[in-house]
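Reader: Hey, got a minute to go through this one with me? I'd like to start with the overall fold and then jump around a bit.

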There are 2 protein chains.
Amino acid sequence: MEGSWASVCTSLKLQIRTVKQVRRREVIRTGTTVEQMVRAIADMIVTGTMLPGEKLDEASLAARFDVSRTPVREALRQLGAMGLVEREPNRSAVVTNVTGSYLHSMFEAMAELEAICARLSAERMTIDERRALEFEHRCSMKLVHAGAEEDYAAHNTEFHTRLYRGAHNDHVFEMVTQTRARLAPFRRAQFRLPGRLSRSYEEHERIVTAIMRADSAAAGQAAYSHVAIVSDASAVFAVTNEA
Amino acid sequence: MEGSWASVCTSLKLQIRTVKQVRRREVIRTGTTVEQMVRAIADMIVTGTMLPGEKLDEASLAARFDVSRTPVREALRQLGAMGLVEREPNRSAVVTNVTGSYLHSMFEAMAELEAICARLSAERMTIDERRALEFEHRCSMKLVHAGAEEDYAAHNTEFHTRLYRGAHNDHVFEMVTQTRARLAPFRRAQFRLPGRLSRSYEEHERIVTAIMRADSAAAGQAAYSHVAIVSDASAVFAVTNEA
DNA sequence: GACACGAAAAGTGTATGCAATGTGCGTGCC
DNA sequence: GGCACGCACATTGCATACACTTTTCGTGTC
């Protein structure tokens, strides 16, 4: 499905085409110009290269990507529908800067969605999926001891993605992935809080244990409280981003 | 937020501008041309005027709405991001026709989302909201006795919308509203099944009772099974729409 | 008669131009 | 000195034109 967050988030590489053939368009395997721009801009927002509130001027983007304004406009429209940028008539698009109240509702929704995924994963994961999740989790232990925040963040993303896929429900996967992307700009600093790494590891431990036991209720509760704690950890950081 | 399903779904009136001033654009209070088209096309899909699999030719739409292809393309891109149409490069957009497996995942997700809304509503609804929900529910009794399928369907939409709003969580509201819109084409005939009206009423009764008692667990369970039954009722109809 | 090749037609992708709306600054009046 | 009006500039909204891709239909050959 077009604009699926699965594709946007799994391709974390910036894909800006810097040179363009004058009359002969190079065949790019990644799709049309618009799709490339959607991915590129989404990445910039999700990774924090562009901060909430920042303006996205059509002409500047067109110049930057070396295309005309038409595909830029379509990309911005799609990003708007995805919730990553906000647009109103005759105004520049701006990177979405949600209110504190809406941010809270997204974290709460995220907790519910993670709980759903954990419950369903506990019931439905194949043996291989369970083993892979546990292995991924065990591997992260050394990152905790080393205090490798960046690496742990990458592991954390992978861990949760496995949880989402394990639910074996494509629509839930779409919703949770999209919600995570929209929350990304607001929780970047969570692992820099002292002791957050080891607490995160312990929380993952509870989730993994419950899933290995196929205890869906326990898995759901563990996942819910895990996100709730992340929400608290991000709260301080979030307010600093209010425009 | 642009493309929010709240706006699309609450404005159920078709808003096609049939005549256009030659050089002087009439001031339309409903927003830009693209937004009007998004609403209009979304309505056609959700209400069943356009069936899943139907092609959306850009030139034809442009002629039909008396605009150029540029706004049509932007509208189609937004509808694509919303999941109502599917697009691939150099192909016409088509009304989304999901696979049976994805349809199942959407119904399952819908049940989870409704359960969340019911739980949160049981905890958070104001006195007025509770009373309004109960009143709305009581009013529908006579529609059941009269067998007024169309009117009951409208009531049903209103009832569920109150449930979604009562959760007091904007992001959950967005997700559940968008999911409902995408499911709409596949459950149109649910109330034509014999006895469905009175069963629906009884299921609503259980939800309302639990919410009035602030029994969130019971409300969640009642809402979940309510949707699960709708899913079964729609299953027969859905397969007839497979391309 | 069937299959392969090719040209035309249909339709999407992108660029560019112009109109309209919003913004900011400067000037004049109170 | 402050506020209001207005003009110029910046930027978006939409239309049109053209390039490219895909499909389809016709023709010729095997």
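Author: Sure, here is a quick tour, starting with the ground rules.

Author: This is a predicted model, so to speak of local features we need pLDDT of at least 70, and side-chain atom pairs count only at pLDDT 80 or more, while totals for chains, interfaces and linings use all residues. Residues are numbered from 1 along each chain as its sequence is written, chains are lettered from A and ligands numbered from 1 in the order in which they are written, and side-chain values use heavy atoms, with hydrogens and water left out.

Reader: Fine. How many helices and strands does chain A have?

Author: Chain A has 11 helices and three strands. Helices here are DSSP runs of H or I with at least four residues, strands are runs of E with at least two, and both are numbered from the N terminus. Going from the N terminus, the order is α-α-β-α-α-β-β-α-α-α-α-α-α-α.

Reader: And how much of chain A is buried?

Author: 53% of its 243 residues count as buried. Buried is under 20% relative accessible area, exposed is over 50%, and partly exposed is in between, using a 1.4 Å probe and protein chains only. As for contacts in chain A with a separation of 6 or more, 73% are between residues 24 or more positions apart. Contact means heavy atoms within 4.5 Å.

Reader: Let's switch to the DNA. Which residues come nearest to strand C?

Author: A:Thr33, A:Ser68, A:Arg91, B:Arg73 and B:Ser92, out of 21 residues around DNA strand C. A residue is near a strand if one of its heavy atoms lies within 4 Å of it. Of the strand C atoms that come within 4 Å of the protein, 72% belong to sugar and phosphate.

Reader: What kinds of residues make up that surface?

Author: Near DNA strand C there are 11 charged, six polar and four nonpolar residues. In that scheme Asp, Glu, Lys and Arg are charged, Ala, Val, Leu, Ile, Met, Phe, Trp, Tyr, Cys and Pro are nonpolar, and the others, Gly among them, are polar.

Reader: Which helices supply at least two residues each?

Author: α2 (33–46) and α4 (69–82) of chain A, plus α4 (69–82) of chain B. α4(A) gives the largest share, three residues.

Reader: Any polar contacts to the backbone of the strand?

Author: A side-chain N or O atom of A:Thr33 is 2.6 Å from a phosphate oxygen of DNA strand C. For B:Asp57, a side-chain N or O atom is 3.2 Å from a phosphate oxygen of that strand. A:Asn90 has a polar side-chain atom 3.2 Å from a sugar or linking oxygen of strand C. The cut-off for a polar contact is a pair of N or O atoms within 3.5 Å; within protein, one must be able to donate a hydrogen and the other to accept it, and residues adjacent in sequence count only if both atoms are side-chain atoms.

Reader: Back to α4. How do α4(A) and α4(B) cross?

Author: Their axes come within 8 Å and cross at roughly 30 degrees. Axes are lines fitted to C-alpha atoms, for helices over the stretch in contact, and angles run from 0 to 180 degrees between N-to-C directions. A:Arg73, A:Glu74, A:Ala75, A:Arg77, A:Gln78 and A:Ala81 meet B:Arg73, B:Glu74, B:Arg77, B:Gln78 and B:Ala81. By class, that contact has six charged, three nonpolar and two polar residues.

Reader: And at what angle do the two α9 helices pack?

Author: About 145 degrees, with the axes of α9 (170–183) of chain A and α9 (170–183) of chain B 12 Å apart. Among the residues making the contact are A:His171, A:Met175 and A:Thr179 of α9(A), and B:His171, B:Met175 and B:Thr179 of α9(B).

Reader: Is A:Thr179 buried or exposed?

Author: Buried, with a relative accessible area of 0%. Leaving out residues up to four places away in sequence, A:Thr179 touches A:Met106, A:Met110, A:Leu113, B:His171 and B:Met175.

Reader: Last thing, backbone oddities. Where is A:Asp66 found?

Author: In the loop between α3 (58–65) and α4 of chain A. A:Asp66 is not a glycine, yet has a positive phi of about 60 degrees. Most residues other than glycine have a negative phi. A:Asp66 is partly exposed, at 36% relative accessible area.

Reader: What about A:Ala214, where does that lie?

Author: A:Ala214 lies in the loop between α10 (196–212) and α11 (216–239) of chain A. Phi of A:Ala214 is positive, near 60 degrees, and A:Ala214 counts as partly exposed at 44% relative accessibility.
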